[in-house]
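Trainee: Could we go through this model together, one question at a time?
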Amino acid sequence: MNAQGEDLRVVLDIRRDKFGDFFEIRTLTGTNQELLVLNAQPRKKHLLLLSRQFDNSGKLLAKQKFLCGQDEGHWFVAAIPEDEPVSTVAGAQIALKPAEVRGREEALGVTRKESFRRRNAAFVRQGEWFFVPERGIEADPMRLVRNEPLSRGNGGKPHWAEECYRAGGETAYVSAKYPTGLTMAEYNLLPEKERKLGFRQMKRDATVYVRGEITHSDHKTVYLKDWHRVLMNTENRSMAMRYLAFLD
């Protein structure tokens, strides 16, 4: 997973060598860059990193915050939205929750301690995905699909849902060459030969519901007995992730 943007002049990535996984930070040649650890939680293996970029006169060009850490034994980097004024690891974790999740926690009286768990009365979390219980969902059997991937469209490993039901959204055509997807109009403009190269028809920004087993190679399998609405964390609101699309 990496976090980058053409205006940020910084790239955070997770790499691996013979000693194991490590964080790699790269900047453009000649960039005036400042990196600060705002808060660290060694026991939780989490830290909040601030990146600030300046021009040659010392004027601040951009700043970005990243939550770096370990989730279920695997390292991750998550970009924090710029409109979230956080200064601690806990604040960053809260900022990464979708507004719907935060509102539901407040309505249900979820305690602060419970809010940091992977499962509470408001949601079940697996990695960057939140699953919120929904009542009264009557899935059309003709539109119910099995063993479907949940993907942010950035080429990463998807999470897999045993049962999935979508409502609304825009059709997107996705392939290894176009991981964030093409609209139908864009797809139709491609040469016929290229249109036959492994495209998958998916939905962008649909309301998605899942139930059953949700699996991922880096996370413990979760089981959802009833339908849950799927929500992605708020990384896609950050400047570093602005080129990602919500695809599933």
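Mentor: Happily; we will take confidence and then two residues in turn. This is a predicted model, in which local features need pLDDT of at least 70, side-chain atom pairs count only at pLDDT 80 or more, and totals for chains, interfaces and linings use all residues. Residues are numbered from 1 along each chain as its sequence is written, and side-chain values use heavy atoms, leaving out hydrogens and water.

Trainee: What is the mean pLDDT of the protein?
Mentor: pLDDT is the predictor's confidence in each residue, from 0 to 100. Here 91% of the residues reach 70 or more, and the mean for the protein is 86.

Trainee: Over which residues at the start of the numbering does pLDDT stay under 50?
Mentor: Where pLDDT is low, the predicted coordinates should not be read in detail. The model has 24 contacts (heavy atoms within 4.5 Å) beyond four places in sequence for this stretch, residues 1–6.

Trainee: Is E128 buried or exposed?
Mentor: Buried means under 20% relative accessible area, exposed over 50%, and partly exposed in between, with a 1.4 Å probe and protein chains only. Beyond four places in sequence, E128 touches R152, H159, L231, M232 and N233. Because its relative accessibility is 16%, E128 counts as buried.

Trainee: Which side chain does K177 join through a polar contact?
Mentor: A polar contact is a pair of N or O atoms within 3.5 Å; within protein, one must be able to donate a hydrogen and the other to accept it, and residues adjacent in sequence count only if both atoms are side-chain atoms. K177 is exposed, at 61% relative accessibility. At 3.1 Å, the partner of the K177 side chain is that of E194.
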